[in-house]
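Student: I have a structure open and a list of features to read. Can you take me through them, one at a time?

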Amino acid sequence: MSWISKAELVAAVSKAGGVGILATGPLNAEETRAEIQKVKKLAPGKPFGIGATLLMPGAAENAKVALEEEVPLINVSLGKPDWIAEEAHKYGGKVLCTVTNAEHASKAIDNGADLLMVTGHEAAAHGGDVTSLVLVPSLANQFPDIPIVAAGGFADGRGLAAGLSLGADAVAFGTRFATTMESPLAQHTKNVIASLDSTEMKTIYNKNFDGIPARVLASPAAIEANRKRQAFPVVMWRAFKAAQSMGIPLWKVIPGLLTQYEKMYAVAQFGAATEAIMAATVDGELEKKGVQFVGQCQGLIHDIPYVDELVQRIVSEAKQISQDNAIKFGCHYDDSNKQSYGT
Ligand SMILES: Cc1cc2nc3c(=O)[nH]c(=O)nc-3n(C[C@H](O)[C@H](O)[C@H](O)COP(=O)(O)O)c2cc1C
């Protein structure tokens, strides 16, 4: 959640009882260290994590900073977590790997993952082909010894209760936390996501935007950007421009691009998307070039609450639903909230 999951939002989530995860995609090593230290200051002693999308230039350096800072949780995606896990385990840190299928999950576990972020088709950005309703229980069955965080499509107490029922140990909320008061997402983009017009139907999922199947808000600019696979020279040019605007030296981008053609195209396309994401996320521009990652759960989001209020609401809804369901199944609760089975 580049430019969104910054220290303030991460600290708010961790203080509210969750585990905020800092996005480091657009940050260099120095900025990553400053943001980590800010989270520690804003939410002292609270658990938090950082994201390391290893396909992005600079991600490995940022992960090294997180290891030096002994960040409790490192969320690795699009890359091998082995060296991160080895270092994190030395100080008791844990590695959470984002996976979209059983093959990913198996490789992640073999390479040191402690937990899996199982990301379904509904998710913002890079969810897989299978919906959370099937993917979460399937991976929970196949990997019973590893804690699972369900991601993709969860936005309220019903989602939390459902995710836990599906076999997850925790549930992740991306689009929902992006649409809160503490989120630095551009106000216009927040308003669009929370509006009644932005239903679960108003997203696009395909690989033309950044080279990996990704879900974005169906804004005019996104419809255009997803229309067709862009020509290679255009992608390269936009990737270099994006790297330049983020202060990433070209010598760091080029080696990654030169490994092989398809990979080169994919990495370049990934980088090229940066400009469009920034326009939507930072400037709130959705008409001409801004493309916003968003999940189908935008159809469930109709307000912009403070994080603490939201977390309390989600937890109390989930508890109520669990109690209502228990009653439907013939159980009842006594005053001490202990579950007992009825006749
Ligand atoms: C605005 C936004 C930006 C995101 N950016 C990234 C990203 O750069 N890399 C990534 O792996 N996931 C990214 N995600 C996906 C989240 O990490 C998470 O998997 C997803 O939001 C969960 O689905 P949900 O939105 O339905 O809750 C992003 C999500 C949002 C809402």
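Tutor: Start with polar contacts. A polar contact is a pair of N or O atoms within 3.5 Å. Keep that cut-off in mind for the ligand. Remember too that this is a predicted model.

Student: Which ligand atom does a backbone N or O atom of Gly153 lie 2.8 Å from?

Tutor: An oxygen atom of the ligand. Ala124 also offers a backbone N or O atom, placed 3.5 Å from a ligand oxygen. Met1 uses a polar backbone atom as well, 3.3 Å from a nitrogen atom of the ligand.

Student: How much of the ligand does the protein bury?

Tutor: The protein buries 86% of the 610 Å² that the ligand exposes when taken alone.

Student: How many residues surround the ligand, and which are the closest?

Tutor: There are 16 around the ligand. Met1, Gly153, Gly174, Thr175 and Gln292 are the closest. Now sort the shell by class. Nine residues are nonpolar, seven are polar and none is charged.

Student: Next, confidence. What is the average pLDDT of the protein?

Tutor: pLDDT is the predictor's confidence in each residue, from 0 to 100. Here the average is 90, and 85% of the residues score at least 70.

Student: Where does pLDDT stay under 50?

Tutor: Over residues 339-343. The model has 11 contacts beyond four places in sequence for that stretch.

Student: Let me step back to the whole protein. How many helices and strands are there?

Tutor: Count 14 helices and 11 strands. The protein has 343 residues, and 49% of them are buried. Its exposed surface is about 16300 Å², with 57% supplied by carbon and sulfur atoms.

Student: What share of the contacts with a separation of 6 or more comes from residues 24 or more positions apart?

Tutor: The share is 59%.

Student: Show me burial in a single residue. Is Ala150 buried or exposed?

Tutor: The cut-off for buried is under 20% relative accessible area. Ala150 has 0% relative accessibility, so this residue counts as buried. Ala150 lies in strand S6, residues 148-151. Beyond four places in sequence, Ala150 touches Val118, Val136, Ala168, Ala170, Val171 and Ala172.

Student: How far apart are Ala150 and Phe173 in sequence and in space?

Tutor: They are 23 residues apart in sequence. In space, their C-alpha atoms are 8.9 Å apart.

Student: Can a loop residue be read the same way? Where is Ser183 found?

Tutor: Ser183 is in the loop between helix H8 (175-178) and helix H9 (187-194). Its relative accessible area is 4%, so Ser183 is buried. Setting aside residues up to four places away, its contacts are Ile4, Leu9, Phe177, Ala178 and Lys190.

Student: And Pro57: where is its place?

Tutor: Pro57 is in the loop between S2 and H3. Partly exposed means between 20% and 50%. With a relative accessible area of 29%, Pro57 is partly exposed. Pro57 and Gly25 are 32 residues apart in sequence, yet 8.4 Å apart from C-alpha to C-alpha.

Student: Now a helix. Which residues of helix H3 are buried?

Tutor: Helix H3 spans residues 59-68, and its buried residues are Ala59, Asn62, Ala63, Val65, Ala66 and Leu67. Their cover includes helix H2 (29-42), strand S2 (48-53), strand S3 (73-77) and helix H4 (82-90).

Student: How do I read a helix end? Which residue caps the N-terminal end of helix H5?

Tutor: Asn101 is the cap of H5, residues 102-110. A side-chain oxygen of Asn101 lies 3.1 Å from the backbone nitrogen of Glu103. At the other side, just after H5, Gly112 has a positive phi of about 105°.

Student: Why point out a positive phi?

Tutor: Because most residues other than glycine have a negative phi. Glu70, just after H3, has a positive phi of about 50°. Leu78 is not a glycine, and its phi is positive too, about 50°. Leu78 sits in the loop between S3 and H4. Its relative accessible area is 38%, so Leu78 is partly exposed.

Student: What is the phi of Ala125 near?

Tutor: It is near 65°, a positive value in a residue other than glycine. Ala125 lies in the loop between strand S5 (115-119) and helix H6 (132-142). Ala125 is buried, with a relative accessible area of 14%.

Technical notes
Residues are numbered from 1 along each chain as its sequence is written. This is a predicted model: local features need pLDDT of at least 70, side-chain atom pairs count only at pLDDT 80 or more; totals for chains, interfaces and linings use all residues. Side-chain values use heavy atoms; hydrogens and water are left out. Helices (H or I, at least four residues) and strands (E, at least two) are DSSP runs, numbered from the N terminus. Buried means under 20% relative accessible area, exposed over 50%, partly exposed in between (1.4 Å probe, protein chains only). Contact means heavy atoms within 4.5 Å. A residue is near a molecule or strand if one of its heavy atoms lies within 4 Å of it. A polar contact is a pair of N or O atoms within 3.5 Å; within protein, one must be able to donate a hydrogen and the other to accept it, and residues adjacent in sequence count only if both atoms are side-chain atoms. Accessible areas come from the Shrake-Rupley method with a 1.4 Å probe; for residues, only the protein chains shown count as cover. Ala, Val, Leu, Ile, Met, Phe, Trp, Tyr, Cys and Pro count as nonpolar, Asp, Glu, Lys and Arg as charged, and the others, Gly among them, as polar.
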